[in-house]
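Visitor: I have a model in front of me and some labels to go with it. Please walk me through the reasoning behind them.

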Amino acid sequence: YNVNADRSFAGTGWPKDGRGFASTAGGRTPSLFLQELAHLSSLCCAVAVSTLRNDMDDVESPLDVYVPGQPFPVADPVHLPDDVKRMAYQHHRSYSRMFRYMLGIDQTKRSRTVYNAARPMLVVGGVSDAEVAFIQRARGPYAKTQLVWGWLSEFVVREHLAGGLGDVGPPIVSRIVQFLSDGMISYNLARKTMYVPFPFPHAQLSAFFVLAMTVAVPFLMDQYANETWLGVCLTFLTVTCLAGLHEVARELENPFRNAPNDIPLGTLLAFYNEALVTMFAGFHPDAYWEEDAEAKRREARIAAERRGRGGGRGDDG
């Protein structure tokens, strides 16, 4: 896509048709290489974050199509439809929900499935039936992510061998694979946070201590405080601090799944998808070189190399 040839470019950095960096309108369709690269990269991240959010093997996290330029998914689940919130994490009365939350049984299999379906992982280019079949065939979250990561790595190496990356040296290509492996290391670190639970005895002792202090602190403040209002305030502050620290620790133990206070993985993935779409922009709009000039320089360099080889043979003769 040549920005200088696009007469609809109004100088604001955005074409008037509002199609963004890549579209069939205006001749801005990206190359098949960039399309496949963006799709595989988006699919790899979508599968990785979906395995962090959903640890049930028999229920697949929904994957949907990401349309460039669409509104970002909401980060706060408060903005979800009311029926989704009722089925996901408001399916009991307030007191019953509080009691189930204290016991750690507030999120059922059905509620988590509804919540994940309401916040799908969006993939650039969508997901084909063959990709879905292979991902479902892989057993376990790590195998699913490793499968798609292998597709992405194999695609980069295959395109390099076929010349699709251009005149790029092998050290540069090896750095690409290195960064891909660094991404898998970061995924494994996040997976440890997701799947390795806090020591069970320590967690139970902490919960029991909070409950014991909730009952004991009012009696202690009644003995040590001279005024009733002072004892009430100190009791409220003390119990709130202890209970708050305990709940924060519970949220941090599994930050990817504790709805509605989970990390908005779908929104972060949408940000990454938009970053992938910017690859379709091509050269800088104010680039000082042109394709014709670059072709002329390449032809001149090839001609000079041929003359140099011809001169060398003449000297040997």
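Here the labels on this predicted model are taken one at a time.

Visitor: What is the overall make-up of the protein?
Guide: The protein has eleven helices and two strands. From the N terminus, the order is α-β-α-α-α-β-α-α-α-α-α-α-α. Of its 317 residues, 29% are buried.

Visitor: What makes strand 1 and strand 2 a pair?
Guide: Pairing takes at least two bridges. Four bridges join strand 1 to strand 2, and the two run parallel. One example is Val65, whose bridge partner in strand 2 is Val123.

Visitor: Which way do the side chains of strand 2 point?
Guide: Met121 and Val123 point one way, Leu122 and Val124 the other. All four are buried.

Visitor: Is Asp64 in strand 1 buried or partly exposed?
Guide: Asp64 is in strand 1. Its relative accessibility is 39%. Buried means under 20% and exposed means over 50%, so Asp64 counts as partly exposed.

Visitor: How far is Asp64 from Val127 in space?
Guide: They are 7.2 Å apart, C-alpha to C-alpha. In sequence, Asp64 and Val127 are 63 residues apart.

Visitor: How many aromatic pairs are there?
Guide: The structure holds three. Take Phe72 and Phe271 as one of them. Their ring centres are 4.7 Å apart, and the limit for a pair is 6.5 Å. The planes meet at 85°; over 60 degrees counts as edge-to-face, so that is the label.

Visitor: What does the pair of Phe72 and Phe271 tie together?
Guide: Phe72 lies in the loop between strand 1 (63–66) and helix 2 (82–88). Phe271 lies in helix 10. The pair therefore ties together parts that are 199 residues apart in sequence.

Visitor: Why are Phe72 and Phe271 called partly exposed?
Guide: Phe72 has a relative accessible area of 42%. For Phe271 the value is 40%. Partly exposed lies between the 20% and 50% cut-offs, so both residues fit.

Visitor: What makes the pair of Phe134 and Trp151 edge-to-face?
Guide: The centres are 6.4 Å apart, within the 6.5 Å limit. The angle between the planes is 70°, and the label needs over 60 degrees. Phe134 lies in helix 5 (residues 129–137) and Trp151 in helix 6 (residues 141–161), so the pair ties together parts that are 17 residues apart in sequence. Phe134 is partly exposed at 42%, and Trp151 is partly exposed at 24%.

Visitor: Which charged end sits over the ring of Phe134?
Guide: That of Arg137, 5.1 Å from the ring centre. The distance limit is 6 Å. Likewise, the charged end of Arg175 sits over the ring of Phe179, 5.0 Å from its centre.

Visitor: Which residues make the nonpolar surface patch?
Guide: Phe72, Ile263, Leu268 and Phe271 make the patch, which covers about 350 Å². Membership takes over 30% relative accessible area. Phe72 has 42%, and Phe271 has 40%.

Visitor: How many salt bridges are found?
Guide: A search of the whole structure finds three. Arg119 and Asp262 form one, with the closest N and O atoms 3.9 Å apart. The cut-off is 4 Å, so the pair counts. Arg119 lies in the loop between helix 4 (109–118) and strand 2, and Asp262 in the loop between helix 9 (228–253) and helix 10, so the pair ties together parts that are 143 residues apart in sequence. Arg119 and Asp262 are both buried.

Visitor: What makes Glu154 and Arg158 a salt bridge?
Guide: Their closest N and O atoms are 2.8 Å apart, and the limit is 4 Å. The two residues are four apart in helix 6, so about one helical turn separates them. Glu154 has 40% relative accessibility and counts as partly exposed. Arg158 has 41% and counts as partly exposed too.

Visitor: Where do Glu247 and Arg250 lie?
Guide: Both lie in helix 9, three residues apart, about one turn of the helix. Their side chains meet in a salt bridge at 3.9 Å, N to O. That is within the 4 Å cut-off. Glu247 is partly exposed: its 26% relative accessible area falls between 20% and 50%.

Notes: Residues numbered from 1 in each chain as written. Predicted model: local features only at pLDDT ≥ 70, side-chain atom pairs only at ≥ 80, totals over all residues. Heavy atoms only, no water. Patch = residues over 30% accessible without salt bridge, like charges linked within 9 Å, V, L, I, M, F, W, Y side chains within 5 Å. Areas by Shrake-Rupley, 256 points an atom, 1.4 Å probe, with all protein chains shown as cover. Phe/Tyr/Trp six-rings, centres within 6.5 Å; stacked < 30°, edge-to-face > 60°. Buried < 20%, exposed > 50% of the residue type's maximum accessible area, 1.4 Å probe, protein only. Lys NZ or Arg CZ within 6 Å of the ring centre and 35° of its normal.
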